[in-house]
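Q: I would like to go through a protein structure with you, one topic at a time. Could we begin with the salt bridges and then move on to other matters?

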Amino acid sequence: MNKLYIFLMTAVVALSFAACSKDNPSGDTIFPTDSPQRDNFEQWLLKNYTYPYNVDFQYRMQDIETDKKYTLVPADSAKCAKLAIIIKHLWFDAYNEVIGPDFIKTNVPRILTLVGSPAYNSEGTMVLGTAEGGYKVTLYMVNWLTDENLSDYNMMTEYYFNTMHHEFQHILNQKKPYDTSFDLISEGDYVSGDWYLQSTEKVAQPKGFIRNYAMSEPREDYAETYCQYITNPDDVWEAKMINAGAEGRAIIMQKVEYIRTYMMDSWGVDIDKLHKAVIRRGLEMSSLDLEHLN
Amino acid sequence: MKKLFIYLTLAAAALSMQSCLHNNEDTFDMSAAERIDMAVAEAKALLVSADNGWKLEYYLGSKYSYGGYNYLVKFGSDGKARVAAEIAASDAVSQSAWDITKDQGPVLTFNTYNEFLHELTKPYPDAVDGYEGDYEFIIMKTTPDTIYLEGKKWHNAMIMTRNASDLVWKDYLDKIAEVKDNFIYLYKANIGGSEVKFNMNADKQVSITDAADAELATAQFIFTTAGIKFREPVTVNGVTFDRMNYNANTTDIRQSTLVTENGTATLEGNVPATFQLFDEIGGSYRLTANGRSATVTLEGEKTWSGKAFKLKGLIKNEKDEDVDMVIQYDPVYGQMQIIPQYLGTHEEMNVPVYALAWAIDPAVGSGSISTNSKNGIKLIWNQNQAAPAYTFEPMSAGFRTNSFILYWMTEDDGDVPEDWKTTLSGDYRLAYLTSLTKL
C-alpha cells in the first residue's frame with residue numbers, strides 16, 4: 001500500500017506541475033524600448049543631472065508625484081531651465097566640490113520635482129519644499145521667479161537653497177540617525193504646530209533657535225540649523241548671533257557642533273568647507289549665463 | 001482511512017487540474033496594457049491631426065459654478081501646445097508642454113505652465129483651491145472631430161471640437177470679445193403665454209424664474225461669436241434654449257435682445273434705467289463732497305475675473321505719493337460701487353491703511369465706521385449720455401454710508417492717519433460725498 005501512496009502523491013505533484021503550462025507570456029514586451037524624444041532642455045538635464053548625479057529632474061508636473069490635498073499649478077518651463085542652472089551651480093556642484101560625486105549619487109534624493117505654485121495650507125502658511133522617504137524633494141513656487149530675484153542670492157537662498165539643504169539633512173538623518181542627546185539641548189522649548197506664532201528675532205534666536213521654524217521639533221531644529229549655517233554669509237550669521245545674545249549664541253553654536261561632528265563622523269563632510277564653497281558659489285551667481293543651456 | 005486518503009488525493013489531483021481545464025475566454029483581443037497604449041497613441045494622433053487646432057469649451061468651478069471660457073489649442077507633435085484664450089488679447093498665443101498620460105484612462109495633461117490656461121487653475125493664499133479649474137482631462141470619448149473630456153479633479157464635462165481650416169483665431173476671439181463687452185445680463189420674455197425672467201450673472205450662471213420669482217430652471221453658459229450657448233439645452237414652458245444670438249442695441253443698450261437660433265423665443269433686455277456699459281464710463285471727473293471739489297480720473301481695468309476702475313488723484317500717502325482707490329463695476333446692474341478697502345501700507349508706522357465706510361449723522365456731525373463690504377456706496381447715474389454724472393446712495397438699508405474715512409488698523413488698534421490725505425479735504429476725511437461729474 002505504501003507504494004501506492006507514493007505513486008499517487010507523485011502523480012498529484014506531477015499533475016500540479018503540468019497544470020497551466022499554457023500560461024506563457026505571449027508576444028512582445030509592452031514596455032517601449034526606444035528612447036523618448038528629448039528637447040534641448042531635456043538633453044541638458046540628462047548631461048548635467050542624470051549622468052553625473054543620477055538625479056531625475058522633473059520639471060513637467062506629474063500629478064501622481066504631488067500631494068493630492070493641494071491644488072497646484074505646473075512650473076513655467078523657461079523658469080525651470082534657469083533654476084536648473086542655478087541649482088546645479090550652487091547646490092550639486094558645491095557638494096561635489098567638497099565631498100565628490102559618489103556621495104551625491106548615493107545619498108542625494110533621486111527625484112527633484114518642480115511645482116509652479118506654492119502649496120497653500122488653509123491656516124495661511126505655505127509649504128516651500130518637502131522631502132519624502134529619502135528619494136524625492138519637491139520645490140514649490142517656481143513661477144514666482146523673475147530675472148531680478150533669480151540673481152538675488154539672499155532671496156534664492158531663503159526660498160530654494162535653504163529648503164534643499166534642509167530637506168537633504170532630513171534624508172541623511174533618515175539614513176543614519178543623529179545623536180539624540182541633541183534633542184535635550186532645547187528640551188521643553190519646542191512648540192510644534194505653533195512655530196509660526198513665534199518671532200524669529202524676538203523669541204526664537206534668544207532661546208537658541210536659528211529660526212522660528214526650528215522651534216517646531218528637534219529634527220526640524222537639526223535640519224534648519226544645518227541649512228542656515230551652510231548658506232548664511234558670515235556677516236549675516238554673526239548678526240543673528242549678536243541678536244541671539246550670549247546665551248542664545250552659546251546654545252546655537254552647541255547645536256552646530258553636534259551637526260559638525262555628525263556630518264564628519266557619519267558622512268565625511270566638513271561643514272565649514274561646504275559653507276565656504278556655497279558662499280563662494282553664491283558670489284559667482286550673478287555671472288551665471290541663465291539665457292543659454294551650456 | 002486508506003480509502004479516505006485515496007479519495008482525498010484524487011480530489012486534490014482533480015482540483016489542481018481545475019485551473020487549466022476551464023476555458024479562458026478573453027473579452028478583448030489584446031491585454032489591458034496594450035489597449036491603453038493604443039488609446040494613448042490614438043489620442044495623440046487625433047489631437048495632432050488638427051492643422052488649425054481645436055476649440056475647447058472650458059468650464060470652470062466645481063459643478064460649473066464659474067461658467068464657460070473659450071480656448072483655441074493647437075497640439076504640436078513636438079509636445080508643445082499653442083494656446084489662445086478668451087481671457088487674453090485676441091492675437092496672443094501662449095506656448096507650453098502637453099502630453100497624454102496613462103492615468104485614469106488616457107489623460108490629456110498640460111504639464112508645464114501655460115499663461116492662459118493655468119491662470120484659471122491657480123491656488124491663492126485665501127482660497128487654496130482657487131477657482132477650481134482643471135488642467136488635466138480624462139479623455140472619455142472621441143470621434144474624428146470631437147473629443148469629450150472630463151476634468152480630473154473637478155469632474156466638469158467639456159468638449160473639444162476640430163477647428164475649420166479657414167478659422168482665423170484672432171477674428172474668432174475678437175467677435176467673442178465684442179459680444180462680451182456689450183453684453184447685458186438681465187432679460188424678460190413671454191414664453192408659452194407667461195412672463196419669464198432670465199437672470200444671468202458675470203459667473204455665466206443663469207436663473208430662470210416665473211412672474212412670481214419662483215425658480216423654474218438653472219443653467220450655465222459660454223460666450224460664442226454670435227451670442228451665448230447654454231452648456232446643456234434648457235426647456236422652459238415647452239421652448240428649448242440652446243444657442244442664442246445676441247443683438248446689441250447700440251443706441252440704447254437696454255433694448256438689446258437674445259434670440260434663439262431658430263427664432264422660437266426672444267429675450268428682451270431687462271436692465272434698470274441707470275444701466276451703463278463699462279466702456280462708457282472711464283475718463284476725467286470732478287468729485288464733490290461737502291462743498292469742495294477735486295479732479296479725479298477713473299481708469300478702467302479689466303481682468304479675466306472682473307472689471308473695475310482705479311480712482312486716481314484723490315489720495316496721497318505720507319510720502320506724498322499717489323494712492324489709488326478701487327471702484328468696482330457690477331456688470332449685471334451696470335453700476336459702480338465703492339466698498340471699504342485696503343489702500344496700502346504706512347511704511348514708517350508699518351501698519352496697513354484702509355478707506356472705511358462712514359455713516360455720518362448730519363444732525364450730530366459724527367457717526368460709525370465699518371469694514372463690511374456690504375456697507376459700501378452705490379453710484380447712481382443720471383441717465384444723461386451727453387452730460388453724465390452720479391449721485392451717491394448707501395448700499396445697505398441699515399448702515400447709511402455717506403462718506404469714507406482713511407484709517408489705519410492692526411488686530412488690536414486703529415486710528416486716523418496723521419499724514420495720509422485726500423485732495424478734497426487735505427486730511428483723512430471724504431465726508432458727505434455729493435456728486436461725481438464727468439468733465
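A: In this predicted model, B:Arg231 and B:Glu232 form a salt bridge, and their closest N and O atoms are 3.8 Å apart.

Q: Is B:Arg231 buried, exposed or partly exposed?
A: B:Arg231 counts as partly exposed, because its relative accessibility is 23% and the buried class ends under 20%. B:Glu232 is also partly exposed, with a relative accessible area of 48%.

Q: Why would such side chains pair up at all?
A: Side chains of opposite charge can pair when their charged atoms come close.

Q: How many salt bridges does the structure hold over all chains?
A: The structure holds 37 of them over all chains. One of them joins B:Asp37 to B:Lys102, with the closest N and O atoms 2.5 Å apart.

Q: Which parts of chain B does that pair tie together?
A: B:Asp37 belongs to helix α2 of chain B and B:Lys102 to strand β5 of chain B, so the pair ties together parts that are 65 residues apart in sequence. As for accessibility, B:Asp37 is partly exposed at 25%, whereas B:Lys102 is exposed, with a relative accessible area of 52%.

Q: And where do B:Lys170 and B:Asp174 lie?
A: Both are in helix α3 of chain B, which covers residues 169-181, and they are four residues apart, about one turn of the helix. Their side chains meet in a salt bridge at 2.8 Å, N to O. B:Lys170 is partly exposed at 37% relative accessible area, and B:Asp174 is partly exposed at 30%.

Q: Which residues of chain A are linked in a network of salt bridges?
A: The network links A:Glu97, A:Arg280, A:Arg281 and A:Glu284.

Q: Next, the interface. How many residues are in contact between chain B and chain A?
A: On the chain B side there are 37 residues, in contact with 33 residues of chain A. The two chains bury about 2,800 Å² between them, and 64% of that area is on carbon and sulfur atoms.

Q: What about salt bridges across the interface of chain B and chain A: how many does the rule find?
A: The rule finds one. The side chains of A:Asp39 and B:Lys80 meet in a salt bridge at 3.1 Å, N to O. Between the two chains, seven residue pairs are in polar contact, counting pairs with both residues at pLDDT 80 or more.

Q: Which elements of chain B supply at least two residues each to the side that touches chain A?
A: They are α1 (2-21), α2 (32-49) and β5 (99-103) of chain B. Of these, α1(B) gives the most, with ten residues. The residues on that side of chain B divide into 17 nonpolar, nine polar and eleven charged.

Q: A different topic: where does helix α6 of chain A bend?
A: Helix α6 of chain A, residues 153-175, bends by about 40 degrees at A:Tyr159. In this helix 17 of the 23 residues are buried, so α6(A) is largely enclosed by the rest of the structure. At the start of α6(A), a side-chain oxygen of A:Asp152 comes within 3.1 Å of the backbone nitrogen of A:Asn154.

Q: Last one: is A:Thr200 buried or exposed?
A: A:Thr200 is buried, with a relative accessible area of 17%. It lies in helix α7 of chain A, residues 200-204. The side chain of A:Thr200 reaches the backbone nitrogen of A:Asn212 at 3.0 Å. Beyond four places away in sequence, A:Thr200 touches residues including A:Pro206 and A:Ile210.

Conventions
Residues are numbered from 1 along each chain as its sequence is written. Chains are lettered from A and ligands numbered from 1 in the order in which they are written. This is a predicted model: local features need pLDDT of at least 70, side-chain atom pairs count only at pLDDT 80 or more; totals for chains, interfaces and linings use all residues. Side-chain values use heavy atoms; hydrogens and water are left out. Buried means under 20% relative accessible area, exposed over 50%, partly exposed in between (1.4 Å probe, protein chains only). A polar contact is a pair of N or O atoms within 3.5 Å; within protein, one must be able to donate a hydrogen and the other to accept it, and residues adjacent in sequence count only if both atoms are side-chain atoms. Contact means heavy atoms within 4.5 Å. The bend at a residue is the angle between axes fitted to the seven residues ending there and the seven starting there. Buried area is the accessible area (1.4 Å probe) that two parts lose on being put together, summed over both. A salt bridge is a side-chain nitrogen of Lys or Arg within 4 Å of a carboxyl oxygen of Asp or Glu. Ala, Val, Leu, Ile, Met, Phe, Trp, Tyr, Cys and Pro count as nonpolar, Asp, Glu, Lys and Arg as charged, and the others, Gly among them, as polar.
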